[in-house]
Amino acid sequence: IGINMSKKSIFISVAGILLLAFGLAAVIYKIQQSAPGSSKSAIFERQGAPVKGPADARVTIVEFFDPACETCADFYPLVNQLIEKYPGKVRVMMRYAPFHRGSDQVVTMLEAAHLQGKFFPALELLFKNQRRWTVNHVSQPNQARGILNGMALDHEKLTADMNGTGVSEAVQQDIRDVQAFNIRATPEFFVNGRSLPSFGFKQLSQMVEKAVEEAY
């Protein structure tokens, strides 16, 4: 009888431990799914990348872009509209995908401007004047730099940062991720870690709307 009771106690104890472990796993999973920037979304993010929108927004649009890409310039105000449409709920993270020849040098300028808190003004200026520094889809870095020279920046620091390891590492990380995620064209969007079913602003808008509904 004593042996049977001992076995019964061990069985109950083990069952209790398993139930406790299952319960903890369920709680952890629920927290991960409800938290801003879930693990799936975080795969496409890079710490320190330029972000527009509140840090605690539960919906993150990650955009891989090339500053010489005409479609990227066209989408820029549209993405801004999505941030404004869902105030406090949506943010966009910009990551580099310099496919056009010469764009690798231009994105170093943007990343250096980012270190001075001027990424978005710099990007907007380059998009606005895109035809002045791109010829037949080829970036002209000297012309792009000339345009940025009109900004209120510490230009000596900009030059030093462009040649620094911090900027280089950030750009190279994005390029490695472009290859790892098999991104072949820009702009490429991920909404909370999900890619668009097909390209288009309507598809992006619908995905953001669905993500907001799920998150809030």
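Of the 216 residues in this chain, 43% count as buried. Please keep in mind as you browse that the model is predicted. The chain is built with 10 helices and 7 strands, and its aromatic rings make a good place to start looking, with 13 aromatic pairs in the structure.

**Aromatic pairs**
- One of the 13 aromatic pairs brings together Phe75 and Phe189, with 5.6 Å from centre to centre.
- The planes of Phe75 and Phe189 stand 35 degrees apart, and the pair counts as tilted because that angle falls between the cut-offs of 30 degrees for stacked and 60 for edge-to-face.
- This pair links distant parts of the chain: Phe75 belongs to helix H3 (residues 70-85), while Phe189 belongs to strand S6 (residues 188-191), 114 residues apart.
- Both partners, Phe75 and Phe189, are buried.
- Elsewhere in the list of rings, Phe44, Phe64, Phe181 and Phe190 are joined into a cluster by ring pairs.

**A charge over a ring**
- Lys89 places its charged end over the ring of Tyr216, at 5.1 Å from the ring centre.

**Contacts along the chain**
- Taking the contacts between residues at least 6 apart in sequence, 77% join residues at least 24 apart.
- The Phe75 and Phe189 pair, with its 114 residues of separation, is one link between distant parts of the chain.

**Surface**
- About 12200 Å² of the chain is exposed.
- Carbon and sulfur atoms supply 56% of that exposed area.

Conventions:
Residues numbered from 1 in each chain as written. Predicted model: local features only at pLDDT ≥ 70, side-chain atom pairs only at ≥ 80, totals over all residues. Heavy atoms only, no water. Helix = DSSP H or I, 4+ residues; strand = E, 2+ residues; numbered from the N terminus. Buried < 20%, exposed > 50% of the residue type's maximum accessible area, 1.4 Å probe, protein only. Contact = heavy atoms within 4.5 Å. Areas by Shrake-Rupley, 256 points an atom, 1.4 Å probe, with all protein chains shown as cover. Phe/Tyr/Trp six-rings, centres within 6.5 Å; stacked < 30°, edge-to-face > 60°. Lys NZ or Arg CZ within 6 Å of the ring centre and 35° of its normal.
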